Amino acid sequence: MIVFDLQCASGHRFEGWFGSAREFASQRKRGLLNCPSCGNGAIERVLSAPRINVGAAAPSPQAKTPEMEGKDAFAIAQMLYSRMLDEILARSEDVGKAFPEEARRIFYSEVPARPIRGRASKEEHDALVDEGIPVARIPVPTPDQLN
Ligand SMILES: [Zn+2]
């Protein structure tokens, strides 16, 4: 079946369902088509408005998100960095000033490994690095800065 948007000479619009475009042309030629509103037999096909596809298409991976539109590369990098921080903050346990000690305990398998974050002085950080403990310094806002 095929649906055509039709219009009579008086401007009434309606839909007609046909087996094929050929069937529509044939019925129209034989005067079998009438406007359901006024009975006018002068029927023309009008261009259909695009049908709305109800099934939402999956967004293409290459598609830019709206929030990325109109921003330069630096702004996007900042946004991604901010998201990464959010991710780290959401997934890691804040051990605060106990960070150097906790990092050691995890490194030496004294406690189950888990993502942690916290604060360490430069000396504490350097000491961890010297021991071969993988730590990364990330400028994360402290909780009081977040509030
Ligand atoms: Zn009509």
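Q: What makes a run of residues count as a helix or a strand in this predicted model, and how many of each does the protein have?
A: Happy to start there! Helices are DSSP runs of H or I with at least four residues, and strands are E runs of at least two. On that basis the protein has five helices and five strands. Read from the N terminus, they follow the order β-β-α-β-α-β-α-β-α-α.

Q: Why is Arg117 called partly exposed?
A: A residue needs 20 or more other C-beta atoms within 10 Å to be buried, and 12 or fewer to be exposed. Arg117 has 19 C-beta neighbours inside 10 Å, so it counts as partly exposed. You will find Arg117 in strand β5, residues 116–118. Its C-alpha lies 9.3 Å from that of Glu102, with the two positions 15 residues apart in sequence numbering.

Q: What makes β2 lie largely in the open?
A: The same kind of neighbour count settles this one, with burial starting at 20. Of the six residues of β2, the number buried is zero, so the strand lies largely in the open. For the protein as a whole, 5% of the 147 residues count as buried.

Q: How do you know that β1 pairs with β2 and with β3?
A: Two strands pair if DSSP finds at least two bridges between them. Six bridges join β1 to β2, and four join β1 (residues 2–8) to β3, so both pairs meet the requirement of at least two. β1 runs antiparallel to β2 and antiparallel to β3. If you would like residues to look for, Asp5 stands opposite Glu15 in β2, while Leu6 stands opposite Arg45 in β3.

Q: What makes β2 and β3 the edge strands of their sheet?
A: The three strands form an open sheet in the order β2-β1-β3, with antiparallel pairing. β2 (13–18) and β3 (43–46) each pair on one side only, and they are the edge strands. From one strand to the next, the twist averages 45°.

Q: What is found between the strands in the hairpin of β1 and β2?
A: Four residues sit between these strands, and in this hairpin Gly11 takes a positive phi near 90°.

Q: Which strands does helix α1 lie across, and at what angle does it run to β2?
A: Helix α1, residues 21–29, lies across β1, β2 and β3. The helix runs at about 115° to β2.

Q: What share of contacts between residues at least 6 apart in sequence joins residues at least 24 apart?
A: In this protein the share is 38%. A contact here means that two C-beta atoms lie within 7 Å.

Notes. Residues are numbered from 1 along each chain as its sequence is written. This is a predicted model: local features need pLDDT of at least 70, side-chain atom pairs count only at pLDDT 80 or more; totals for chains, interfaces and linings use all residues. Axes are lines fitted to C-alpha atoms, for helices over the stretch in contact, and angles run from 0 to 180 degrees between N-to-C directions.
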